[in-house]
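Please open the model in your viewer and keep the sequence panel beside it, so that each selection can be followed in both.

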Amino acid sequence: MEKIAIIGASGFVGSAITEEALRRGYTVRAIVRNISALPAGRTGLEPYECDVTDTEHLIEVLRGYHTVISAYNPGWNNPNIYEDTLAGYRSIILAAEQARVRRLLIVGGAGSLYVNPGEMLMDSGAIPAELLPGVRSLAYVYTEMLPKIKDVDWVFFSPAATMKHGSRTGNYRTGRDNILLNVKGQSVISVEDYAKEMMDEAETQRHHRERFTIGYRDEDPEHPIENANPPSILHGI
């Protein structure tokens, strides 16, 4: 049975990815801040409590894993989200390097996607000011931290602007740096389809040291963008 490590496995996106991996028969090392947030006795699930900023501990937790998926987020209500996101990812990246992880797949944000030539979503005025620290921290991880990695093959997977629970349809498209809109001009994806594509990427390894994104082409009445709550504008962890 194949194994995979998922950081932040109890969060909104992390739990969906964990469920998708278990569905495919993986043994999942689910790395969380609080082990009580994970179901006990689930076949294939190996709960593991670890503070990601404890780099030495995280190195040992990740050692022996070819692929690690990080859905790390210190919490949208955290007043220090910008600093804590960067601190967490500095530790995650260092631990992945020291543990000789080969693939690091990151649940990215939509804020750094381009909505117009030269204009990112986070600079367009569409994101509430109180959410911008968390958005900009993930953008910094993508633009400044990941390109400096030498020995780990990384991928930054940006969701659509709106991500909510819905159906696992497989009926979506992927792109690179531009936000993907459906026929009504909405940027939408279900967390179930996002998780499916994340695990597809883990298996097919189509992207290397780059970002890609996802979105529906057709109208999706289950996920109207006008009804999105604030965290789903980004990635909803």
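How many residues line the largest pocket, and which of them lie nearest its centre? Select the lining first: this is a predicted model, and in it the largest pocket is lined by 15 residues, with Gly-8, Ser-10, Val-32, Arg-33 and Asn-73 nearest the centre. If you colour the lining by residue class, you should find nine nonpolar residues, five polar ones and one that is charged, around a pocket whose volume is about 170 Å³.

Next, select Ala-71, which sits in the loop that runs between strand S4 (67-70) and helix H3 (81-98). Is Ala-71 buried or exposed? Its relative accessible area is 1%, under the 20% cut-off, and Ala-71 is therefore buried. Add Phe-12 to the selection and draw the distance between the two C-alpha atoms: Ala-71 and Phe-12 are 59 residues apart in sequence, yet 8.9 Å apart in space.

Now zoom out to the whole protein chain and switch to a cartoon, where five helices and 12 strands can be traced. The radius of gyration is 17 Å, close to the 18 Å that the globule rule gives for 237 residues, so the chain is as compact as a globular protein of that length. Along the principal axes, its C-alpha atoms fill a box of roughly 45 × 35 × 30 Å.

Finally, colour the chain by accessibility: buried residues make up 55% of the 237, while the accessible surface comes to about 10,400 Å², with 47% of it belonging to carbon and sulfur atoms. Among contacts with a separation of 6 or more, 74% are between residues 24 or more positions apart.

How values were computed
Residues numbered from 1 in each chain as written. Predicted model: local features only at pLDDT ≥ 70, side-chain atom pairs only at ≥ 80, totals over all residues. Heavy atoms only, no water. 1 Å grid on protein atoms, 1.4 Å probe; cavity = no way out; pocket = protein on both sides within 12 Å on 5 of 7 lines; lining within 4 Å. Points joined across faces, edges and corners; volume = space filled by probe spheres on them. Nonpolar A, V, L, I, M, F, W, Y, C, P; charged D, E, K, R; others polar. Helix = DSSP H or I, 4+ residues; strand = E, 2+ residues; numbered from the N terminus. Rg over C-alpha atoms; globule rule 2.2 N^0.38 Å. Buried < 20%, exposed > 50% of the residue type's maximum accessible area, 1.4 Å probe, protein only. Contact = heavy atoms within 4.5 Å. Areas by Shrake-Rupley, 256 points an atom, 1.4 Å probe, with all protein chains shown as cover.
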